[in-house]
Amino acid sequence: MRVLLGVTGGIAAYKVAIVVRRLREDGHAVRVIPTLASLNFVGRATWEALSGQPATSDTFANVPQVEHVRLGQSADVVLVAPATADFLATMVHGEAKDLLSNALLVTRAPVVVAPAMHTEMWEHPATQANVATLRERGVHIIEPASGRLTGADSGPGRLPEPDDLVEALYAVASGTPVADDPTGFGQDLAGLSVLISAGGTREPLDAVRFLGNRSSGHQGFALAEAARERGAKVTVVAANVVLPLGEGIGRIDVETSAEMADAVATASRDADVVIMAAAVADFRPANVSAHKIKKPASGEMSLTLVATPDILAGLVAGRRAGQIVVGFAAETGDADGTVAEHGAAKARRKGADLLVVNQVGEGLGFGDVPNTVTVLDHEGVPIASASGTKLAVAHAIVDTIAHLRAH
Ligand code: CTP
């Protein structure tokens, strides 16, 4: 299909570059119209290179082609992302001050608008009134996500992730209304209490050292965001995670596996769903030195490690009726089996309702990078797989949980 993509002057414009790439990969023609203000954030060359088409902003740029009329007429669907407070006002007033606002007056195609701005601007009565007017006129508004904004502040106003924008656009283009639901998943976790562990524990060795792992907490935090977007009351037990959490998500910070075990034991009592996404150390040093351990003269050193309690096993053993327990398995594959084989064996051994298996290692799995997972049931049978941003993967995992609750 032919997508007309309006980009207005907000810093979130950078995320929309990914939207163009994804739409092109999916075989759609994309024509980008950046406003002049938006070019302060992402330059014209980026849009032209990604879309393979000119990215003009000016009504008079290509007069012989009558572009200010043709672009709106030829679009199958229009997306404005990010839409500033100023541009919402422009749309409400029907102004035709540049190429994008002209095209929006001409088009008869469905229009999807993704506002992004600071919370105060979003909540201002003028902006809310403009949004209400646009909705009355049949414009599909994608509610902004909640979370970290440009400065140190956080709250509603963030542009949803590129994959969510694309899914919302496809839903509108295919005639499925998305209404106010940015993810298209609805509020299928409404009323549920979800506990998520995230990050990686650190086991102290002496006054300055610890044994740790490379977990960043990105996937666990994306799960928290996804569950909250779908209506759940979410609490995160975060082990050494430097990332911010979205508005309204409870947070308990811990360092060691013992602290995590305590926090999870308490917080899981009222939880309907517990997701153990954290990388919990399996072993800790048997003795913790109060002082910094000195280099031994021999040039060799041995550590005695003792097993930590398996938190997931404790949750499975103590599971209340109706409570869903989800484990994670980070696998690399080895001489004894593939990632899938180790995952299936672990699913049967752990006894959790669901086990999310992901391959980790060099450049895979850790940090703010795309992820690929397979979700197994308690017998080790694959029931879903997902690939993409950690938020997209999170929604796919939440889907399997919602499905399990409903059956
Ligand atoms: N886990 C836990 N408590 C531990 C260790 C792990 O709750 N002490 C949880 C993790 O949060 C994850 C799952 O168990 O949900 C899988 O952890 P993993 O270390 O991959 O599995 P193990 O059973 O330790 O198997 P192995 O190390 O042999 O792969």
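S193 lies in strand β8, which covers residues 193–199, and in this predicted model the residue has a relative accessibility of 15%, so S193 counts as buried, the limit for that class being under 20%. S193 and S268 are separated by 75 residues in sequence, yet their C-alpha atoms are 9.2 Å apart in space.

**Overall architecture**

The protein has 407 residues, of which 49% count as buried, and its secondary structure is made up of 13 helices and 19 strands. Measured out along the principal axes, the C-alpha trace spans about 80 × 55 × 45 Å.

**The ligand and its surroundings**

The space taken by the ligand is the second largest pocket. The elements that each give two or more residues to the shell around the ligand are helix α11 (311–317), strand β16 (324–331) and helix α12 (339–350). In total, 16 residues surround the ligand, and the closest of them are M276, L312, F328, K346 and K350. Sorted by class, this shell holds nine nonpolar residues, two polar residues and five charged residues.

Three polar contacts to oxygen atoms of the ligand can be set side by side, two from the backbone and one from a side chain.

| Residue | Protein atom | Distance to a ligand oxygen atom |
|---|---|---|
| A278 | backbone N or O atom | 2.8 Å |
| L312 | polar backbone atom | 2.7 Å |
| K350 | polar side-chain atom | 2.7 Å |

Taken alone, the ligand exposes 580 Å², and the protein buries 77% of that area. L312 and K350 thus appear both among the closest residues and in the table of polar contacts, L312 through a backbone atom and K350 through its side chain.

**Two further buried residues**

T107 is found in the loop between helix α5 (99–106) and strand β4 (111–115). Although T107 belongs to a loop, the residue counts as buried because its relative accessibility is 7%, which is under the 20% limit. A polar atom of the T107 side chain lies 2.9 Å from the backbone oxygen of G72.

H395, in turn, has its place in helix α13, which runs over residues 390–406. With a relative accessible area of 1%, H395 also falls under the 20% limit and is therefore buried. H395 and E225 are 170 residues apart in sequence, while the distance between their C-alpha atoms is 9.1 Å.

**Backbone geometry**

Most residues other than glycine have a negative phi, and most peptide bonds are trans. Against that background, two places in the backbone deserve a look. A cis peptide bond joins A81 and P82, with an omega of about -10 degrees, and P82 itself has its place in strand β3, residues 77–83. N240, a residue other than glycine, has a positive phi, near 60 degrees. N240 lies in the loop between strand β11 (233–239) and strand β12 (250–254), and at 25% relative accessibility N240 counts as partly exposed, because that value lies between the 20% and 50% limits.

Definitions and conventions. Residues numbered from 1 in each chain as written. Predicted model: local features only at pLDDT ≥ 70, side-chain atom pairs only at ≥ 80, totals over all residues. Heavy atoms only, no water. Near = heavy atom within 4 Å. Polar contact = N/O pair within 3.5 Å; in protein donor to acceptor, adjacent residues only side chain to side chain. Areas by Shrake-Rupley, 256 points an atom, 1.4 Å probe, with all protein chains shown as cover. 1 Å grid on protein atoms, 1.4 Å probe; cavity = no way out; pocket = protein on both sides within 12 Å on 5 of 7 lines; lining within 4 Å. Sits in = over half its atoms within 2 Å of the grid points. Helix = DSSP H or I, 4+ residues; strand = E, 2+ residues; numbered from the N terminus. Nonpolar A, V, L, I, M, F, W, Y, C, P; charged D, E, K, R; others polar. Buried < 20%, exposed > 50% of the residue type's maximum accessible area, 1.4 Å probe, protein only.
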